[in-house]
Amino acid sequence: MAYLYLGIAITAEIIATTCLKYSEGFTKVFPSLCCIGAYIVCYVMFSRAIMKINLGIAYAIWCGVGMVATVLISFLVFKERVTIMGVIGILLIMIGCILLNQAKM
């Protein structure tokens, strides 16, 4: 059940981040409300997930999946450019999160 909560938290965070872009600096009401609501769901679900999952592992999964999904949405939906250096940077961050969590175990 904890991983279900984590999955919901990740999904809500991706929705919130996408709505944040659409809110145009919180100047548009519906995307702003969607963003705030999704972040609330995100943090409530994450707090439930870390009751059973190690915080470091849960956070690394949350960040890694959220980052990759956000970059894909940025590229596919908003037509933002992703450079090879950006991809390498994202991979290094993900590798760093994995290594940090392996060291804690």
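**Exercise 1. Overall architecture**

How many helices and how many strands are there in the protein? Give also the order of the elements along the sequence and the extent of the C-alpha trace.

*Solution.* The model under study is predicted. Step one is the count of elements: the protein has four helices and zero strands. Step two is their order, which along the sequence reads α-α-α-α. Step three concerns extent: along the principal axes, the C-alpha trace spans about 45 × 35 × 20 Å.

**Exercise 2. Burial, surface and contact range**

State what share of the residues counts as buried, describe the accessible surface, and characterise the contacts by sequence separation.

*Solution.* The protein has 105 residues, of which 30% count as buried. Its accessible surface comes to about 6900 Å², and carbon and sulfur atoms account for 75% of that area. For the contacts, consider pairs of residues at least 6 apart in sequence: 62% of these contacts join residues at least 24 apart.

**Exercise 3. Two residues compared by accessibility**

Locate S23 and L33, and decide for each: is S23 buried or exposed, and is L33 buried or exposed?

*Solution.* Begin with S23, which is placed in the loop between α1 (2-22) and α2 (29-49). The cut-off for a buried residue is under 20% relative accessible area. S23 has 0% relative accessibility and therefore counts as buried. Beyond its neighbours within four places in sequence, S23 has contacts with K28, P31 and S32.

Turn next to L33, a residue of helix α2. The cut-off for an exposed residue is over 50%. Because its relative accessibility is 56%, L33 counts as exposed. As a further step, take the separation of L33 from L99: the two are 66 residues apart in sequence, and their C-alpha atoms are 37 Å apart in space.

**Exercise 4. The packing of α1 and α3**

Describe the geometry of the pair α1 and α3, give the handedness of the crossing, and list the residues that make the contact.

*Solution.* The geometry comes first: the axes of α1 and helix α3 (residues 55-76) come within 10 Å and cross at roughly 35 degrees. The handedness follows: α1 and α3 form a right-handed crossing. On the side of α1, the contact is made by Y3, L6, A9, I10, E13, I14, T17 and T18. On the side of α3, the contributing residues are A58, I61, W62, V65, G66, A69, T70 and I73. Sorted by character, the residues of this contact comprise 11 nonpolar, four polar and one charged.

Note on methods. Residues numbered from 1 in each chain as written. Predicted model: local features only at pLDDT ≥ 70, side-chain atom pairs only at ≥ 80, totals over all residues. Heavy atoms only, no water. Helix = DSSP H or I, 4+ residues; strand = E, 2+ residues; numbered from the N terminus. Buried < 20%, exposed > 50% of the residue type's maximum accessible area, 1.4 Å probe, protein only. Contact = heavy atoms within 4.5 Å. Areas by Shrake-Rupley, 256 points an atom, 1.4 Å probe, with all protein chains shown as cover. Axes fitted to C-alpha atoms, helices over the stretch in contact; angles between N-to-C directions. Left-handed = near helix turned anticlockwise from the far one by under 90°. Nonpolar A, V, L, I, M, F, W, Y, C, P; charged D, E, K, R; others polar.
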